[in-house]
Amino acid sequence: MFISLLAGCGGSDAASDEDSNGEDKHIHFLYNFSTNSLDPHVDTSYVPLRAGITETLVRLDEENLTVEPWLAEGWEGEDGINWTIELREDVSFHNGREMDAAAVKASLERAIDESVAMRNALKIDEIKADGHTLEITTTEPFPEFISELVNPNVSIIDVSEEDVLNRPIGTGPFELEEFVPGSRLELTRYDHYWDGASNLDGVTFSFNEDANARSLALRSGQVDIVYRPEVESLETLEQEEGIHVESTATFRVHQMTMNVQRESLKDVNVRRAVDALIDRQEIVDTILLGHAEVAVGPFLPSLPFAPTYEQRPSGADVAVEYLEEAGYTLENGMMQKDGEPLTLTLLTYPARADLPLIAEVFQSDAKQIGIDVEIKQIDIPEEYMASNRDWDIATYSNLTAPRGDAGYYLNATYHPKGALNFSGAEEEELTEMIDELNQTVNQEERAILAEQAADYVNENVINSFVLHPSTIVAYNDNKVKNWETTRSEYYMITNKLDVK
């Protein structure tokens, strides 16, 4: 059984043996999401960027919550419509081709052709290329255009290569040697990397969605770094000699996504009842073992655009009161309205081990007041929720400020054109707030608009927020050097990663 649990990690022990003999400098990284595609323009797992294969024009400065140059050297766009982006002149793709403006133009155009979400997010009308200068015009004033270029789905690749799905050619510190879909990537150092070649010879980036298996793989020495080990195993891991465990607050929220297109959930009082049933502190204490912060809204309270909320009453009695306002009564142990019992289908997925547990806690609490909750396990939540409307609520985890700004989450999750608007929200007042936010430059004014939008979401319970989880990473402290757990969760395998 132990062997079978580790089998999903992929790779071999040979690399680790070579490390200890000094013959090869190799890191084995084990991630909690698998992917069957490496197309950076549509892959929602962002593996090409996280694995150090691709890069974007700009990146997030996580300390200052600002956007900083990466493949771009600088930019101008005072009117919010006409943008000039100057590219670095010392960058090459892994096939040796120069990264010039024409190549970047082709990559951006492919991204907006392949992804409706990116087309809506970037609002690009026209791109012109000249040497290492890009001239981009947006369809409307869009002051936050540059920050949208942080998105891993606009990673820059050489689109003249044929097999983007399995072998994207990027500009990062590591090039792809082998890809086994759903299992692993084998990466080798790119010697001509513009920011200085890595000291590592190679990296294995493998997948296993079983949290217990990930923890076991680290304890056995089969892997060097584990992303999100099993929470219950942390105490054991921390007692293991040579294993270091990090718990880092990130820009993420676990939420209960409401399908407001479902008949029962069209009533805000039913949504308020669902929200009242969530025992957030109990979930933080018992499921996350304290490695999280109770959430009221989507944004961490420490962020400048996070509203201050009044404490909302919660508990089973409060939930029943809301349901009674919605016309439900408890009869024969079932919450009913017009003779129809209130039943809810709750989606969850195993890649984040705490989400199914949150679903089970909610199911148990709902049963106490006569609500029958059917839990349905799915594999890829984004694909399922976008294509199916046969569900009521879903445990979902979302990055809410990966650009250091509220605009990304509000646009993606609540705008009618948003790529992550799985709730199906089409609130005219909220949409107007987001549209105004998109055209506002002043940061103080943006913060006010973001607070207003978040308040609207909270008051109308379009989604319900459970907790802000910490990102937990465990690694072999005797071997791994310069690992950094980022708050955005974008930047993982870098040229600074090394072995001791």
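**Entry 1. Second largest cavity**

A strand here is a DSSP run of E with at least two residues, and strands are numbered from the N terminus. I worked on a predicted model throughout. I wanted the enclosed spaces first, and there are two cavities of 30 Å³ or more.

I started with the second largest cavity, whose volume is about 40 Å³. Which strands each supply at least two residues of its lining? I found β13 (252-258) and β20 (393-399). The lining is made up of Q255, T257, Y396, N398, T413, L420, F422, S423 and N463. I noted six polar and three nonpolar residues in this lining, with no charged residues.

**Entry 2. Largest cavity**

The largest cavity holds about 60 Å³ of space. I listed its lining as F142, E144, S147, E148, D405, G407, Y408, N411, N438 and R446. Which helix gives the largest share of this lining? It is α14, with three residues. Helices α6 and α14 each supply at least two. By class I have four charged, four polar and two nonpolar residues.

**Entry 3. Second largest pocket**

I then turned to the second largest pocket, which has about 500 Å³ of space. Its lining takes in 25 residues, and those nearest its centre are E144, S147, D405, Q443 and R446. I had already met E144, S147, D405 and R446 in the lining of the largest cavity.

I checked which elements each supply at least two lining residues, and they are β3 (66-69), α6 (145-148) and α16. Helix α16 gives the most, with four residues. The lining splits into 13 nonpolar, seven polar and five charged residues.

**Entry 4. α15 against α16**

Since α16 had come up, I looked at what packs on it. Helix α15 (residues 428-438) packs against helix α16 (residues 443-460) at an angle of about 160°, and their axes are 9 Å apart. Why is the pair called roughly antiparallel? Angles over 145 degrees count as roughly antiparallel, and therefore α15 is roughly antiparallel to α16. The crossing of α15 past α16 is left-handed.

On the α15 side I recorded E429, L430, M433, E436, L437 and N438; on the α16 side, R446, L449, A450, Q452, A453, Y456 and V457. This contact has eight nonpolar, three charged and two polar residues. N438 and R446, both noted here, also line the largest cavity.

**Entry 5. α14 against α15**

Next I followed α15 to its contact with α14 (residues 407-414). Their axes come within 10 Å and cross at roughly 145°. I logged this crossing as left-handed. From α14, G407, L410, N411 and Y414 meet L430, I434, L437 and N438 of α15. Five of the contact residues are nonpolar and three are polar, and none is charged.

L430, L437 and N438 of α15 are also among the residues that touch α16. G407 and N411 of α14, together with N438, are among the residues lining the largest cavity.

**Entry 6. α9 against α11**

I closed with another helix pair. The axes of helix α9 (residues 268-277) and helix α11 (residues 316-325) come within 8 Å and cross at roughly 175°. This makes α9 roughly antiparallel to α11. I found N269, V270, R272, A273, A276 and L277 of α9 in contact with A316, V318, A319, Y322, L323 and E325 of α11. By class I wrote down nine nonpolar, two charged and one polar residue for this contact.

Definitions and conventions: Residues numbered from 1 in each chain as written. Predicted model: local features only at pLDDT ≥ 70, side-chain atom pairs only at ≥ 80, totals over all residues. Heavy atoms only, no water. Axes fitted to C-alpha atoms, helices over the stretch in contact; angles between N-to-C directions. Parallel < 35°, antiparallel > 145°, perpendicular 65-115°, else oblique. Left-handed = near helix turned anticlockwise from the far one by under 90°. Contact = heavy atoms within 4.5 Å. Nonpolar A, V, L, I, M, F, W, Y, C, P; charged D, E, K, R; others polar. 1 Å grid on protein atoms, 1.4 Å probe; cavity = no way out; pocket = protein on both sides within 12 Å on 5 of 7 lines; lining within 4 Å. Points joined across faces, edges and corners; volume = space filled by probe spheres on them.
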